[in-house]
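Work through these short exercises with the model open beside you. Each task is followed by its solution in steps.

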Amino acid sequence: MESKTASGLISRRTVLKATGVAALSMPYLARPASAQPVQLTMLAWYGHAEPDVVQEFEKQHNVKFVPKYYTGGDNMLALISQSPPGTYDIILSDAEYVQQLREAGYIEQLDPKDYAFDEFFPEFHRFPGHWDGNKLYSVITRFGFLGVSYNTNAVMEAQARSYRIFWDEKLKGKVGHFDWHLPNLGQLSLHAGNRKPYDIDAAAWKKVQETTISLRPQIGGFFDYGGTFASLKNGQMLAFCGIGDWITGVLEKNGAPVRTVIPDEGGLQWTESFCIGKGTKKQDLAKKWIQYITSAHGQVRSANMAAYPALIPNKKGWDLLARETPEEAKRQRMELNKPNVMDDIRSGKIQFRELPIQQDLEVWNDFWTRYKGMSG
């Protein structure tokens with residue numbers, strides 16, 4: 001959302017301003033190297049069109065990315081619905097929203113043969129929601145886990161291995177929420193005993209609401225990306241619900257005493273993927289971008305993205321990451337032939353983040369809004 005939330009806090013990453021979006025009608029093919037760069041529009045979370053990720057591709061293809069950064073899946077859908085077809089050449093989506101993009105006719109069908117799925121771990125060959133039967137619409141590029149994020153000076157790792165730590169009396173007023181209902185309610189649904197946290201009946205949903213409300217006295221604030229980052233860094237918040245290494249990893253690499261662990265009740269997986277926008281006049285170039293960023297070389301850039309780190313699905317990318325930035329491969333547990341993050345997925349410890357299945361999305365959103373308005 002572009003506007004302020006009920007708590008007066010701006011939603012995720014709006015602290016980082018987006019540039020404008022321009023649509024280019026001139027064809028890019030057969031342009032001389034000395035010509036002005038072709039503008040390639042990208043709708044994405046912050047960071048994906050920044051120089052540390054795209055600069056090499058821009059030089060190779062005489063391209064200039066023009067990003068429009070959004071602040072959540074609902075905001076992404078709103079931006080697309082308000083724009084003419086062809087406005088966005090490339091769309092980065094959280095996996096749970098790809099089906100909605102496809103059903104609304106906002107993205108192009110892709111040819112599976114164009115992408116290096118044979119280099120991916122088998123778990124990512126046919127990622128849920130990215131396919132409609134044998135028709136492909138989106139290619140996974142990165143993912144990460146959501147668990148208990150905590151200050152290592154205030155909380156021991158053994159304590160953080162359960163969501164119960166959020167109710168610890170010593171953390172009263174020091175527990176933060178990342179201001180988005182899907183990750184928070186998904187985690188609290190796991191804590192409430194739901195093995196499939198987003199596929200719950202009316203009774204289970206009632207229990208999730210009661211569990212969440214019982215946490216309200218512990219909560220010190222609801223934060224966007226920038227606020228989450230700052231409050232963990234300065235110690236204002238000592239534990240956080242709804243986030244993972246995508247935030248604590250940046251801080252940890254810079255020496256802050258914070259970390260994320262997957263609790264015994266299980267964790268969630270967020271997943272990002274690239275689609276080609278419906279009506280783009282640069283479909284071939286958009287395809288080349290997806291091929292680049294999902295190649296082993298592009299995957300290393302994605303894993304090390306300055307805005308927020310992530311896990312990568314390309315097995316060859318893991319091998320290259322271990323050679324180019326071995327410290328980060330070890331920190332993110334992406335080392336082949338060693339215990340690694342794939343073990344967490346294969347053991348069933350990780351559940352995919354989804355849209356609610358038995359309730360409307362607005363039901364969850366409305367509850368979250370009421371919850372934020374409650375007194376602590």
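**Exercise 1. Which residues of helix H8 are buried?**

Step 1: Find helix H8 at residues 245–253; helices (H or I, at least four residues) and strands (E, at least two) are DSSP runs numbered from the N terminus.
Step 2: Apply the cut-offs: buried is under 20% relative accessible area, exposed over 50%, partly exposed in between (1.4 Å probe, protein chains only).
Step 3: Trp246, Ile247, Thr248, Gly249, Val250 and Leu251 are buried.
Step 4: Go on past H8 to Gly255, where phi is positive, near 95 degrees.

The model is predicted: local features need pLDDT of at least 70, side-chain atom pairs count only at 80 or more, and totals for chains, interfaces and linings use all residues. Numbering runs from 1 along each chain as its sequence is written, and side-chain values use heavy atoms, without hydrogens and water.

**Exercise 2. State the confidence of the chain, then of residues 1–30.**

Step 1: Read pLDDT as the predictor's confidence in each residue, from 0 to 100.
Step 2: The chain average is 91, and 91% of the residues score at least 70.
Step 3: Over residues 1–30 the pLDDT is below 50. Beyond near neighbours in sequence, this stretch has 67 contacts in the model (heavy atoms within 4.5 Å).

**Exercise 3. Describe the largest pocket.**

Step 1: Use a 1 Å grid over the protein atoms alone: a pocket is an open set of points with protein on both sides within 12 Å along at least five of seven lines, a cavity is a set where a 1.4 Å probe fits but cannot get out, and lining residues have an atom within 4 Å of a point.
Step 2: The largest pocket holds about 470 Å³, the space filled by probe spheres set on the points, which are joined across faces, edges and corners.
Step 3: Its lining has 22 residues; Asp245, Thr260, Arg331, Gln332 and Arg333 lie nearest the centre.
Step 4: S6, H8, strand S11 (258–261) and helix H13 (341–346) each supply at least two lining residues.

**Exercise 4. What lines the second largest cavity?**

Step 1: Two cavities of 30 Å³ or more are counted. The second largest has about 30 Å³ of space.
Step 2: Its lining is His48, Val53, Thr141, Arg142, Phe274, Trp289, Ile293, Ser302 and Met305.
Step 3: Strand S6 (139–146) and helix H9 (283–293) each give at least two of these.
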